[in-house]
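User: I'd like to learn how to read domains, pockets and aromatic contacts in a protein model. Could you walk me through an example?

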Amino acid sequence: MTTLDDALAGLPDYDPNHMTVELARAIIARTARAVSAIERVAVRDALGRVLGRDVISPLNVPAFENAAMDGYAFAGSALAAGGDVRLRVAGRSLAGRPFDGVAAAGECVRIMTGALMPAGCDTVIPQEQVRRADGPEFVTFPASAVTPGRHVRHIGEDLAAGHPALHAGKRLRPAALGLLASLGIAEVPVRRRIRVAFFSTGDELRSVGEPLAPGNLYDSNRYTLYGMLQRLGVEVLDLGVVADDPQAIEDTLRMACRDADAVITSGGVSVGEADFTREMMTRLGNVVFWKMAMRPGRPFAFGELECDGHRALLFGLPGNPAAVMASFYHLVRDGLFALMGAEPQAVPRLPVPTTTAIAKRPGRTEFLRAILAADGQGRWQVTVADAQSAGILRTMSEANCFVTLDTARADVAAGELVDVIVFDGLV
């Protein structure tokens, strides 16, 4: 893991009290280093895991030349004369049941998609483009309907034996599992799952199932954090709710540092009299910034903890529920991917017109909850949610995207293009 001093070296405009989103991401990316341990798992157990080494293809894909379409295989030289081509059907080749003869000049073979190309054939004419002539044993088609070599899948066209099929850092999705299976690979080397510990702070918080006294409220942040972490495929350590007590917070941070690769807290990083989390973070490690030029999510601390020879990345999130989710998606997520050893997981920002005006002052990045939908003509448009307070979780639940307004952006008029990040692209 790079030291934080190294991470800060050469970065412009470093201000821990007014950290831009872009600079914060750069510091997190420079600090987080992938876990080194690699283990082998069965392909069916590898979904969401990160490849620890390149996977080299043990065979050619395809392993033999085969038809890309249903039709008739023949020698492309028959097209040279132009005009209509008339061929006798010498047999048929099916997937798993190839034609075992040789197609002579003037002959073709009925062939199905995926079937082995017969000897003497290098071209396939799709079945829709031929005419039957002189009974079922002859077909005719214009020479201009196809070019020599068309509609044939060649040996190694997809993957060549001895070449990488998947690269280290690839987060395995369903298509990758299918690719591995197509190569006959039963096990793959993956980096171990990272362990992420998290807890909430606050005397007012109660866990679900506990009675509420006056002034109490249920802790929602641990449940949203649990859900977001589960979707990343990490090993989750839920340390519960910790009271606003310096010793309790210090003890919990120490335990989390010993047991986890990353520690996430929610609450206690602002400047309130009872907000002890930031103080304990500084005592146990190095916190390099704690205020973001970002809405929601201004109180956000990042650094690293060190305890008994163990180190862990530290993310101190705000207490407000919507701010927790926004700061997780736009700051924490990439840091956790880096710890996993995953290649960067950028999400697309789509330009979409907004249906309403948006008030915005330059100087901070804003992530607004919004709903992306098609209008009556099938054109996409985005509507900002009615309530944007960091403490309101309802609109976060109803929304399906963030409208992202960068630091320099000012007020936005209705109909202007804004950048949209769809929620489903974040995981």
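Analyst: Happy to; we will take the domains, then the pockets, then the rings. Keep in mind that this is a predicted model.

User: How is the chain divided into domains?

Analyst: Domain 1 covers 4-37 + 192-340 and domain 2 covers 40-61 + 157-191, while domain 3 is 66-153 and domain 4 is 350-425. The centres of domain 2 and domain 3, taken over C-alpha atoms, are 35 Å apart.

User: Now the pockets. What is the volume of the largest pocket, and which residues are closest to its centre?

Analyst: The general idea is that rolling a probe the size of a water molecule over the atoms shows where empty space is left. Here the largest pocket has a volume of about 430 Å³. Its lining has 26 residues, and R25, R333, D334, Q345 and A346 are the closest to the centre.

User: Which domains and elements supply the lining of the largest pocket?

Analyst: Domain 1 and domain 4 each contribute at least three residues. Among the elements, α2 (21-31), α7 (321-340) and β23 (365-374) each supply at least two, and α7 gives the most, with eight residues. By class, the lining of the largest pocket holds 14 nonpolar, five polar and seven charged residues.

User: And what does the second largest pocket look like?

Analyst: The second largest pocket holds about 240 Å³ of space. It is lined by 18 residues, with T201, E204, L205, N221 and G319 nearest its centre. Two or more lining residues come from each of β13 (195-201) and β15 (217-218). This lining divides into four nonpolar, ten polar and four charged residues.

User: How many aromatic pairs are there, and how do I tell a stacked one from an edge-to-face one?

Analyst: The count is eight aromatic pairs. Look at the angle between the ring planes: under 30 degrees counts as stacked, over 60 as edge-to-face. The rings of F289 and F300 have centres 6.3 Å apart and planes at 20°, so this pair is stacked. F289 lies in strand β18 and F300 in strand β20, so the pair ties together parts eleven residues apart in sequence. F289 is buried at 0% relative accessibility, and F300 is buried at 0% too. For F328 and Y329, the ring centres are 6.0 Å apart and the planes are at 80°, so that pair is edge-to-face. F328 and Y329 are both buried, and they form one aromatic cluster with F367, F402 and F423.

User: Where do charges sit over rings?

Analyst: The charged end of R86 sits over the ring of F138, 4.0 Å from its centre. R110 lies over the face of Y72, at 5.1 Å from the ring centre.

Conventions: Residues are numbered from 1 along each chain as its sequence is written. This is a predicted model: local features need pLDDT of at least 70, side-chain atom pairs count only at pLDDT 80 or more; totals for chains, interfaces and linings use all residues. Side-chain values use heavy atoms; hydrogens and water are left out. Domain bounds come from an automatic or database domain assignment. On a 1 Å grid over the protein atoms alone, a cavity is a set of points where a 1.4 Å probe fits but cannot get out, and a pocket is an open set with protein on both sides within 12 Å along at least five of seven lines; lining residues have an atom within 4 Å of a point. Grid points are joined across faces, edges and corners, and a volume is the space filled by probe spheres set on the points. Helices (H or I, at least four residues) and strands (E, at least two) are DSSP runs, numbered from the N terminus. Ala, Val, Leu, Ile, Met, Phe, Trp, Tyr, Cys and Pro count as nonpolar, Asp, Glu, Lys and Arg as charged, and the others, Gly among them, as polar. Rings of Phe, Tyr and Trp (its six-membered ring) pair if their centres lie within 6.5 Å; planes under 30 degrees apart count as stacked, over 60 as edge-to-face and the rest as tilted. Buried means under 20% relative accessible area, exposed over 50%, partly exposed in between (1.4 Å probe, protein chains only). A charge sits over a ring if NZ of Lys or CZ of Arg is within 6 Å of the ring centre and within 35 degrees of the ring normal.
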